[in-house]
Amino acid sequence: MNTGGDIPDSVSDSFAIRLIQWQRQHGRHHLPWQNTRDAYRVWLSEIMLQQTQVGTVIPYYRRFLQCFPDMQSLASASLDEVMAQWSGLGYYSRARNLHKAARRIAGEHGGIFPEEVDAIRQLPGVGRSTAAAIAVFAFGKRAAILDGNVKRIFSRCFGIEGYPGEKSVETQLWQKAEALLPVKDENSMECDIETYTQALMDLGATLCTRAHPRCGSCPLRLECIAFRDNRVGSLPTPRPRKILPEREVALLLVVAQGRILLEKRPGTGIWGALWSLPEMQANENVIEYCMQLGINVRPMSQMGAFTHTFTHFRLRIHPLILQVISRSPDHLSPAALPQSGNQRIWMMPGDALKAAIPSPVRKVLLQYTFQTEPHEIPAMADD
DNA sequence: AAGTCGGGGGC
DNA sequence: GCCCCAGACTT
């Protein structure tokens, strides 16, 4: 027991103890993935939370668990079913890796989730920090995380300068993360690795925030270098600015008998393995392009163009509505599907909205279904 | 080390 | 507008 007034065994324990005590009083305790040691749920939450904020994840997490309550159900599902549940959450390689890992665990591990951090780390989509988080929350292992929250806390508390994405800076931060882990002691509540890890996440999310941190309530304010030197606003060092390149595409809404043509994207790359609309260069002739697909179309109307911003480029999207011209009554048959390397299918817009589609395509489809409803046509944003 | 992967929150 | 978020993977 570490009763009040005791001198802690080490400096690192003092750090951990402050955090743990703060977490018990002021931390978050009712997130949907807390209060369980089900490794499947812990793993799912950690993957969804990669580069995605808690508030965004929660509804996806609940829906996903409803569909796939355990490892076996996820492994048995088709990739398409998994992608449909992930649709809108972004970073779709996470979902592909999740599915691949589920099938690997069901096959190779006999459905049992691996307990050792090195084994967890071997799963696709699981890096060093995520493996540690799973090992901590599911199995109580002593392992260090280093996510965006922890990087921000450490760079401020210890006055570590330089962009944390830079290798040398990240190495320093990992070294701190390992060194500050509480000493494992089964008899001491003060060295609870789960509470410590959750404390780092909660402190970063609720107090040590990027903008307007609440330093007055912080359990680390007496030892925080950035607070002492009034540098909280300039640490961590921001990412170096870069100019985003801009690309331009046309998305084709090819309509026949109320159905639209969807095209499955390749398994890797942008929107990998998602259903999308046929895409062509914005300056291409749409009639000729569709002739190459083996379909005869008439341009109907244009929706307003809009811009979708990715991490590394901007995409200017021009949606075009096209009506198929055909005297044949069965041009919706499989044989009449346009030839292409990609899988294609005709779908009712309502069904397409339930499929695994990227957000900009959802936006176009919603706009289209709204336009075809019997009320006034609103002006599309932009342009 | 740098580039590739989304979408949304918050200001 | 801009920056960042419970990062991992490829080149």
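Helices are DSSP runs of H or I with at least four residues, numbered from the N terminus. The model is predicted: local features need pLDDT of at least 70, side-chain atom pairs count only at pLDDT 80 or more, and totals for chains, interfaces and linings use all residues. Residues are numbered from 1 along each chain as its sequence is written, and chains are lettered from A in the order in which they are written.

**Stop 1: the largest cavity.** Select helix α9, residues 148-157. Helix α9 gives three residues, the largest share, to the lining of the largest cavity. Lining residues have an atom within 4 Å of a cavity point, a place on a 1 Å grid over the protein atoms alone where a 1.4 Å probe fits but cannot get out. About 130 Å³ lies inside, counted as the space filled by probe spheres set on the points. Now pick Arg-156, Cys-208, Cys-215, Cys-218 and Cys-224, the closest to the centre among 15 lining residues.

**Stop 2: the second largest cavity.** Select helix α11, residues 193-206, which gives the most to this lining, three residues. The space is about 50 Å³. Add Ala-143, Phe-154 and Leu-181, which are among the lining residues.

**Stop 3: DNA strand B.** Show residues with a heavy atom within 4 Å of the strand. There are 23, and the closest are Tyr-91, Tyr-92, Lys-167, Trp-271 and His-308. Of the strand atoms within 4 Å of the protein, 64% belong to sugar or phosphate.

**Stop 4: backbone contacts.** Zoom to Trp-271. A backbone N or O atom there lies 2.5 Å from a phosphate oxygen of DNA strand B. Go to Ser-359 next: one of its polar backbone atoms is 2.8 Å from a phosphate oxygen of the strand.

Terms used:
Heavy atoms only, no water. 1 Å grid on protein atoms, 1.4 Å probe; cavity = no way out; pocket = protein on both sides within 12 Å on 5 of 7 lines; lining within 4 Å. Helix = DSSP H or I, 4+ residues; strand = E, 2+ residues; numbered from the N terminus. Polar contact = N/O pair within 3.5 Å; in protein donor to acceptor, adjacent residues only side chain to side chain.
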